[in-house]
Amino acid sequence: MFEAYDSEKKIIKSFNECPPLSYILNSKSQQFCQGKISVINPNTSKEKKGDVGKEWTRLYKMPNALQTDKQFRSMVTIYTTLFGYCPVLRVKPDSMDVVSQLWILPPQYLNIKTNKRYLFVESMLDMIDSIEFENNGYKTPINKDDVYFFTDTTCTIDNLLLPTSRLTSLKYPIGNLIKNYESRGTIMEKRGAIGILSPDGADVGGAQRATPDMTEQLQKDYKRYGLLKDQWQLIISAISMKFTPMSLNIAELQLEEMANDDIMTLCDALGYKWQLLARGSESTFSNQVIAEKAQYQDNIIPMADNYMEQWNDCTFALENKVEYVIDFSHVACLQADEKVKSEVRKNNVSSVSLQLTNNLITYGRAMEILDEESPTELAALYFYQLPIEIQSTFSIKTTTNETQATKGTN
């Protein structure tokens, strides 16, 4: 019987008892934690410095007394995937929209009572009547206004308040994997007799049987055979014997093949590239690099964008004229893209400089192509009309590019 993931306890049980599930989620969270977070001024996109910058940096580096940034991020992303949401308790000074600490509230310990006001509300909290934390028999009421819900990008099917857990549609593959591992463990621990050794020509279930003395002697002799140097390798029998197998081995049951099929389903549903698993097919180095790059582009970076948007909302960052951003450009598998971008940028600059210095386009158009800002009073001017200091800048770039091109042909 496969359990539906309609309760928090069942979800936690599946995470604890299904190794591929926990591995996939932990691997994704570790990839996400490779991103570097910084605090910037949203108006200038420059790093926020001074005491203000230090305080907002401290908040994400140590969100509470027990967790660092990476521990907090990892826990939020795993809970969000498992449950569809992750409640976080915001600790802030009275009458101030500045957060001093953030504490994760495990969903399995929360009792959330909702109301029917699903339409024409201003926020998610308007749909909640009360929140209660319950653990080890103790119940603690929590002010709902102090709770922020980090949510997954899945839709709300069962209710209009919280997104659906990604595990909802995976009860069969997860159930299969748990039973698969249980079966393999049982076979190894309690496989029992592997077959029947009986006199050849006798009916196993009939009257002709080996005598008790013969059976005892066969058992003793059987233990002396093996591949060690002090064991017998050649079996010599005084009577004709036959062997009747009683059980299938693990290979014949194809448990490994069935497990791989279920794990691939988990990878697809949870946004993890199958090739990155140790058991993934064609897991050569080059294929893994391609898969890791696709993993960041297709899953990790979009997940990070969703997290950062909610983190800024949770901490009231934008209201206080600061913004948290995350960057993955330093990750090894993405470095090739940065190199390609640099080459494209270099070629664009060379092409635009050539057009500008030959008076084919205006200065404003050149800066527009390069995605740069230009002074309004210079935008409509051609190269010959520009101030000499700007002309010399482009002349240097053009000369340098032409020199490098000449060297390349020699």
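Asn180 has a relative accessibility of 5% and therefore counts as buried, the limit for that class being under 20%. The model described here is a predicted one. Asn180 belongs to helix α5, which covers residues 171-189. Leaving aside residues up to four places away in sequence, Asn180 makes contact with Leu255, Met258 and Ala259. A buried position in α5 is thus set against residues numbered in the 250s, because Asn180 is buried at 5% relative accessibility and touches Leu255, Met258 and Ala259.

The next region to consider is a β-sheet. Three strands form an open sheet in the order β4-β5-β6, and their pairing is antiparallel. Strands β4 and β6 lie at the edges, each of them pairing on one side only. On average, neighbouring strands of this sheet are turned by 25° against each other when direction is ignored.

The two pairings can be followed in turn. Strand β4, residues 110-114, is joined to strand β5, residues 128-135, by five bridges in the antiparallel sense. Within this pairing, Asn111 has Glu132 of β5 as its bridge partner. On the other side, β5 runs antiparallel to strand β6, residues 138-142, and five bridges connect them. Here Ile131 finds its bridge partner in Ile142 of β6, while Glu134 stands opposite Lys139 of β6. Strands β5 and β6 form a hairpin with two residues between the strands, and in this hairpin Asn136 adopts a positive phi near 55°.

A further position of interest is Thr362. This residue is located in the loop between helix α10, residues 335-357, and helix α11, residues 363-369. Is Thr362 buried or exposed? Its relative accessibility is 18%, so Thr362 counts as buried, given that the class requires a value under 20%.

The side chain of Thr362 also takes part in polar contacts with the backbone. One of its polar atoms lies 3.2 Å from the backbone nitrogen of Arg365. A polar atom of the Thr362 side chain is likewise placed 3.3 Å from the backbone oxygen of Ala379. Ala379 appears again among the residues that Thr362 touches, together with Leu356, Ala380, Leu381 and Tyr382, when residues up to four places away in sequence are not counted. The loop residue Thr362 is therefore buried at 18% relative accessibility, and its surroundings include both Leu356 and the run from Ala379 to Tyr382.

How values were computed
Residues are numbered from 1 along each chain as its sequence is written. This is a predicted model: local features need pLDDT of at least 70, side-chain atom pairs count only at pLDDT 80 or more; totals for chains, interfaces and linings use all residues. Side-chain values use heavy atoms; hydrogens and water are left out. Helices (H or I, at least four residues) and strands (E, at least two) are DSSP runs, numbered from the N terminus. Buried means under 20% relative accessible area, exposed over 50%, partly exposed in between (1.4 Å probe, protein chains only). A polar contact is a pair of N or O atoms within 3.5 Å; within protein, one must be able to donate a hydrogen and the other to accept it, and residues adjacent in sequence count only if both atoms are side-chain atoms. Contact means heavy atoms within 4.5 Å. Two strands pair if DSSP finds at least two bridges between them. Axes are lines fitted to C-alpha atoms, for helices over the stretch in contact, and angles run from 0 to 180 degrees between N-to-C directions.
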